[in-house]
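Please read the following walk through the model with the coordinates open beside the text. It goes from helix packing to cores, and from there to strands and a loop.

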Amino acid sequence: MSELEHGCSLSGLIDIDPAGTRLVTALSSAEDRSIRSVTLVAPGESIEGADSSALLVVLPDSHTSDHLGAIRALLEEADSASIACWLPDSVDDEELRRILGRHAILRLGPEIDATAFVSDAVRALRPAEQVTTQRLASLQRSMTQALNEPEPLKALTLRLAKACNAVAAIIGAQGELETASGPLPLTQLLEELKGEADGSRPFAVEGWRGVAVRVTPDELPAGWFMIASRRLSFPDPYAIAAAHIAASLAETHLRVELLIRRQERAVRSSFLEQLLGLRKQRENPELSGKLAALGLNFEGREVRVFSLGFASNRGSEDHEALLDAFYNHIDVELTRLRIPHLLAVRTTGLVALAQLDVETAAQVAFTIGAFRQGILLGVGRNVEAIDEIVDSHNDSVLAIRTLRSPQRTTNIMSYEDFDFAMRLFSDAGLDRMGRWATEMLEPLTEQHILLEGLKHYFEHGFNIIAAAKSLQIHHNTLRYRLTRVEEVLQISLRDPAAVSSLFLALTARSMIDRTEWRQPTAWNPDRASSETSAPSQVVRSTGAAAATPPPQTLGVVFGPER
């Protein structure tokens with residue numbers, strides 16, 4: 001004999017199987033009899049001392065034909081008993097009532113399994129709080145398993161909806177529907193939830209009743225996990241608790257994904273930096289293997305380095321935050337387009353190595369809104385071997401620097417757009433050009449004021465007045481400094497070859513030192529958004545005639561005005 005203590009009314013046990021169970025008793029009050037335990041009784045086992053609060057589940061006896069006599073013998077051992085047993089149809093209910101007295105019998109149908117009935121009876125006798133707790137524990141296990149699905153949030157939503165017989169949905173930070181198990185009046189719901197910062201709250205909108213739980217993963221915009229139904233009694237305590245469990249698991253999943261993305265970002269950025277720092281080497285099987293494992297190869301589609309740089313100076317906080325935002329946007333967009341890529345954030349901008357062409361790079365930059373923010377796009381040459389990645393990167397940086405010219409008419413420049421001087425600089429290589437630049441500018445190494453004046457003179461298109469104004473000095477002072485530059489370097493700033501050489505030398509030194517020229521004050525950064533309204537409208541030179549560079553890139557001289 002085994003016993004489990006609980007509490008319930010005798011009539012309540014009929015609900016376990018209403019079609020196959022019925023109560024037989026001679027007492028009208030037997031239906032309200034309190035049952036506190038379930039006791040299993042084998043055929044022939046004594047039940048002496050059992051009271052009416054114990055439900056005696058008498059297992060079927062296949063060895064007897066006198067079922068009524070067996071029941072009579074069993075009842076004689078107890079003063080008042082509550083019995084559940086299996087009896088054939090040949091035993092009439094009226095015959096049972098004549099021998100029952102103060103006893104009551106639950107007649108179980110022949111299709112009811114003994115094990116299943118006992119399990120359901122024990123569950124029915126449990127206190128409501130305990131039942132709810134166990135149901136929630138079971139639901140939590142089920143929803144935790146949903147996180148192993150290919151689409152965890154969708155699977156989590158569907159399991160919650162099924163468990164609560166309701167509609168479940170996840171709403172993003174901007175009010176976008178992430179996933180849902182059915183239709184909901186989202187516009188009205190979001191209006192109802194407007195202004196709620198955290199926690200959870202019940203709602204009633206358009207006949208829908210439910211609860212919304214705030215999902216606030218670290219460093220990610222907050223959203224809502226909600227469950228709703230048209231039932232008047234919804235949401236009950238179970239549904240509310242289930243919604244909180246689901247929201248907690250969704251939040252955990254998002255935080256884990258964020259951590260994984262951070263780690264992957266660090267690994268990919270480190271690898272890209274390693275590639276960008278690579279010097280000329282015909283083969284590097286180890287790096288080539290890693291690159292191929294990440295989906296990038298030099299067969300088939302083009303592989304290029306492209307850089308995003310700022311067209312104007314920004315505060316350090318704004319600069320860093322915007323770069324980080326563009327990193328995430330580009331990563332999402334390239335992933336959506338199934339384009340293999342590596343990304344890295346540098347102090348001067350963002351660098352990417354991706355399997356795409358110039359047009360696709362422009363489309364991606366437009367899609368993420370880079371041009372509206374005054375961002376410039378430089379695209380390097382097509383990479384056909386791993387040792388060309390550095391050259392492609394240098395191309396993209398040189399393109400960004402050229403686009404900062406006051407005379408620029410586009411936000412995009414690629415290696416194919418380079419003029420003769422730029423292509424010479426690009427193909428010669430940064431190391432070699434850096435050595436030549438150091439040799440040429442060595443007499444000005446300690447003359448910082450003269451170098452600064454020369455750079456501003458170039459930056460402002462050889463306009464003495466504008467350059468002097470940006471330096472906050474008199475224009476005659478700048479003329480004097482430029483004359484000193486000519487004397488020290490023994491050149492003439494009226495000589496196109498000398499001007500072209502100086503421009504290339506200053507550019508090479510700037511790239512070697514990882515510094516940026518100051519943005520020309522004559523250029524208005526607000527021009528960027530008005531110049532480009534769609535990728536197809538991006539102005540790009542396509543040939544020698546169209547690719548007319550700014551005067552300073554060709555070495556054309558308009559001054560100094562002395």
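In this predicted model, the contact between α15 and α16 is made by I464, I465, A467, A468 and L471 on the α15 side, which meet H475, L478, R479 and L482 of α16. Sorted by class, this contact comprises seven nonpolar residues, one polar residue and one charged residue. Two packed helices are described by the angle between their axes and the distance between the axes. For α15 and α16, the axes come within 8 Å and cross at roughly 100 degrees; with 65 to 115 degrees as the range for the term, the two helices are therefore roughly perpendicular to each other.

Both helices also take part in a wider nonpolar assembly. The largest nonpolar core has 38 residues, and L454 and F458 are those with the most contacts inside it. At least two residues of this core come from each of α11 (389-403), α12 (420-428), α13 (430-441), α14 (448-459), α15 (464-471), α16 (475-489) and α17 (496-512), and α17 gives the most, with seven residues. A second core, separate from this one, has 28 residues, among them L323, A354, V358 and F366.

The next topic is a sheet. Strands of a sheet pair through backbone hydrogen bonds, either parallel or antiparallel. Here an open sheet of five strands follows the order β8-β7-β11-β10-β9, and its pairing is antiparallel. The strands β8 (177-180) and β9 (200-205) form the edges, each pairing on one side only, while neighbouring strands of the sheet are turned against each other by 20 degrees on average, with direction ignored.

Within this sheet, how many of the residues of β7 are buried? Five of the five are, so the strand is largely enclosed by the rest of the structure. V167, A169 and I171 point one way from β7, whereas A168 and I170 point the other way, and all are buried. On one partner, β8, strand β7 (residues 167-171) pairs in the antiparallel sense over three bridges, and the bridge partner of I171 in β8 is L177. The hairpin of β7 and β8 has five residues between the strands, and G175 in this hairpin takes a positive phi near 85 degrees. With β11, strand β7 pairs in the antiparallel sense over five bridges, and A169 stands opposite M226 of β11.

Two helices pack against these strands. Helix α6 (residues 186-193) lies across β7, β8, β9, β10 (208-215) and β11 (223-229), and runs at about 135 degrees to β9. Helix α7 (residues 237-276) packs on the sheet as well, touching β9, β10 and β11, and its direction makes about 30 degrees with that of β10.

Another strand can be read in a similar way. Four of the five residues of β2 (residues 21-25) are buried, so this strand is largely enclosed by the rest of the structure. Five bridges join β2 to strand β6 (residues 104-108), and the two run antiparallel; in β6, the bridge partner of T21 is L108.

Finally, G369 is located in the loop between α10 (358-367) and β15 (375-379). Is G369 buried or exposed? Its relative accessibility is 5%, and because buried means under 20%, G369 counts as buried. From C-alpha to C-alpha, G369 and H329 are 9.2 Å apart in space, with their positions 40 residues apart in sequence.

Note on methods
Residues numbered from 1 in each chain as written. Predicted model: local features only at pLDDT ≥ 70, side-chain atom pairs only at ≥ 80, totals over all residues. Heavy atoms only, no water. Buried < 20%, exposed > 50% of the residue type's maximum accessible area, 1.4 Å probe, protein only. Core = buried A, V, L, I, M, F, W, Y, C linked by side-chain atoms within 4.5 Å. Axes fitted to C-alpha atoms, helices over the stretch in contact; angles between N-to-C directions. Parallel < 35°, antiparallel > 145°, perpendicular 65-115°, else oblique. Contact = heavy atoms within 4.5 Å. Nonpolar A, V, L, I, M, F, W, Y, C, P; charged D, E, K, R; others polar. Pairing = 2+ DSSP bridges.
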